[in-house]
Amino acid sequence: MTDHRLRRSATVTLRLRGDEVVAANPRVGSTRKIPESLFQVLRGLAQWTSHEVVVGLLRDATGDAARADTVLQALLSEGFLVEESAPADQFESAFSSGWPFGETTADHHLVTRSLSFSDDRTEAFSYGKVLRVHASDDLAPETLSDAGVISLPEPRVSDALVASLSRRRSRRDFVPVPVSGEQLSSVLWAAAGIQGFRTPAHRPALPLMFAPSAGGLNGVDCYVLVQGVAGLEPGVYRYRPRSGALDRVRDASSVDAERLLGNQRWAGAAGAVVVLVGNAARTAWKYDAASGFNALLLQAGHMAQNALLAAADVGLGAVTSNAIHAQDMESTLGLQPGRDIVLTSVSVGHVDGDVSRYEEYEGTDMSILAKMANP
Ligand SMILES: Cc1cc2nc3c(=O)[nH]c(=O)nc-3n(C[C@H](O)[C@H](O)[C@H](O)COP(=O)(O)O)c2cc1C
């Protein structure tokens with residue numbers, strides 16, 4: 001018997017869908033249809049309530065003492081109830097005191113913190129099903145007929161820009177050669193380095209980066225998981241955009257880039273993984289609604305592209321990935337829930353030659369795709 005108090009998770013939603021009640025907790029990614037009796041119990045547990053009283057309520061709702069205990073364990077493990085002072089309670093307290101971007105954005109953020117990442121076989125299965133309904137042409141971006149088409153002049157940009165843009169291609173076939181400090185510095189500088197300042201009247205100076213930034217507020221920070229960089233101990237670092245220096249956050253004992261990027265096997269071989277993290281405190285005083293959250297997502301995209309272009313320029317392979325175990329990443333980077341938001345990542349490392357040797361779907365029987373498409 002425990003004397004911990006319990007309450008409904010602050011991030012649970014209870015919704016009617018037809019005749020059924022659906023309880024969902026985006027923080028843990030759980031969704032479950034529940035009977036009316038359980039809905040009434042959950043609805044009543046907004047405040048801390050003793051364990052004994054909760055068990056009593058569940059016994060009344062289920063009509064069975066043994067079942068009440070099983071249901072209680074399920075409600076705890078699926079995150080619908082939280083125990084006082086447990087990690088879930090601590091997370092929710094920090095999150096609810098910090099999160100400024102509105103409730104629906106909170107749901108979106110919490111849902112996308114739980115990694116959803118299909119393996120090769122599942123992807124082949126789904127793609128096969130889609131091909132049964134859509135011709136593959138429908139799935140390509142350009143499917144309009146030529147009627148009414150208006151031609152544009154040929155694009156004309158400098159050779160330097162063409163060279164720079166066309167050198168970028170996602171590369172995941174990293175070889176075990178350490179990235180140099182200069183290469184890492186170049187990637188971080190292109191992504192987040194400060195080139196100058198704008199000084200609007202009566203306002204503090206706004207730092208200017210190569211990437212655009214909503215309101216010039218520079219709401220996205222760069223962290224680095226170092227696995228193989230000459231002169232740097234493996235571990236977690238944080239980039240200082242003004243001085244181009246790094247702060248050491250922790251050593252390598254808790255850094256496993258492959259696991260943190262959704263068990264993608266190439267990530268363990270990257271020299272470094274740059275993780276872009278939004279900072280709500282720096283931006284939300286001006287953009288406190290969903291569009292502020294969007295601004296952070298978009299800014300991270302701009303910065304990631306700059307990192308990818310710089311990596312290609314200094315002879316590194318690179319790939320962006322937003323398949324990230326955000327919850328584990330938050331604790332690895334020592335982030336503050338509700339203020340710091342893991343947005344995306346860019347992994348960099350040496351590669352051999354111009355053509356990727358990384359085979360997507362390697363070792364997966366892709367005949368399932370053909371079978372699904374043409375049953
Ligand atoms: C938002 C976003 C997320 C991505 N996530 C992953 C990922 O998790 N793993 C991966 O291997 N590639 C990822 N990529 C890279 C794409 O697979 C890649 O850009 C695409 O196959 C096109 O190839 P290219 O980058 O060489 O043009 C991602 C790209 C974007 C834009």
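## Exercises on contacts, cores and a sheet

Among contacts in the chain between residues at least 6 apart in sequence, 72% join residues at least 24 apart. The model is predicted, and the exercises below refer to it.

**Exercise 1.** State the overall make-up of the chain: its helices, strands and buried share.

*Solution.* Begin with secondary structure: the chain has 13 helices and 14 strands. Next take burial: 33% of the 375 residues count as buried. Finally, the extent: along the principal axes, the C-alpha atoms fill a box of roughly 75 × 60 × 45 Å.

**Exercise 2.** Decide whether Ala-267 is buried or exposed, and describe its surroundings.

*Solution.* Locate the residue: Ala-267 sits in the loop between α9 (257-260) and β12 (272-279). Then apply the cut-off: a residue is buried if 20 or more other C-beta atoms lie within 10 Å of its own. Ala-267 has 26 C-beta neighbours inside 10 Å and therefore counts as buried. Now list its contacts, setting aside residues up to four places away in sequence: Ala-257, Glu-258, Leu-261, Val-273 and Ser-347. One further distance can be added: the C-alpha atoms of Ala-267 and Phe-174 are separated by 8.5 Å, with these positions 93 residues apart along the chain.

**Exercise 3.** Identify the residues around the ligand and sort them by character.

*Solution.* The shell consists of Arg-169, Ser-170, Arg-172, Gln-264, Val-319, Thr-320, Ser-321, Asn-322 and Ala-323. Sorting gives two nonpolar, five polar and two charged residues.

**Exercise 4.** Describe the largest nonpolar core and name the helix that gives the most to it.

*Solution.* The largest nonpolar core has 66 residues, and Ala-272, Val-274 and Ala-307 have the most contacts inside it. Helix α11 (residues 290-313) gives the most to this core, namely eleven residues. For Ala-307, leaving aside neighbours within four places in sequence, the contacts are Val-187, Ala-190, Ala-191, Val-274, Ala-318 and Val-346. A second, separate core has 17 residues, including Val-12, Val-41, Leu-45 and Phe-80.

**Exercise 5.** Explain why β2 and β4 each have one side without a neighbour in their sheet.

*Solution.* Write down the strand order: the open sheet of three strands runs β2-β3-β4, with antiparallel pairing. In this order β2 (13-17) and β4 (30-34) stand at the edges; each has a single partner strand, so one side of each lacks a neighbour in the sheet. The average twist from one strand to the next is 25 degrees. For the pairing itself, five bridges join β2 to the antiparallel strand β3 (residues 20-25). One bridge partner can be named: Arg-17 is matched with Glu-20 in β3.

Technical notes:
Residues are numbered from 1 along each chain as its sequence is written. This is a predicted model: local features need pLDDT of at least 70, side-chain atom pairs count only at pLDDT 80 or more; totals for chains, interfaces and linings use all residues. Helices (H or I, at least four residues) and strands (E, at least two) are DSSP runs, numbered from the N terminus. A residue is buried if 20 or more other C-beta atoms lie within 10 Å of its own, exposed if 12 or fewer, and partly exposed in between; C-beta atoms are placed from the backbone. Two residues are in contact if their C-beta atoms, placed from the backbone, lie within 7 Å. A residue is near a molecule or strand if its C-beta atom, placed from the backbone, lies within 6 Å of it. Ala, Val, Leu, Ile, Met, Phe, Trp, Tyr, Cys and Pro count as nonpolar, Asp, Glu, Lys and Arg as charged, and the others, Gly among them, as polar. A nonpolar core is a set of buried Ala, Val, Leu, Ile, Met, Phe, Trp, Tyr and Cys residues joined through C-beta atoms within 7 Å. Two strands pair if DSSP finds at least two bridges between them. Axes are lines fitted to C-alpha atoms, for helices over the stretch in contact, and angles run from 0 to 180 degrees between N-to-C directions.
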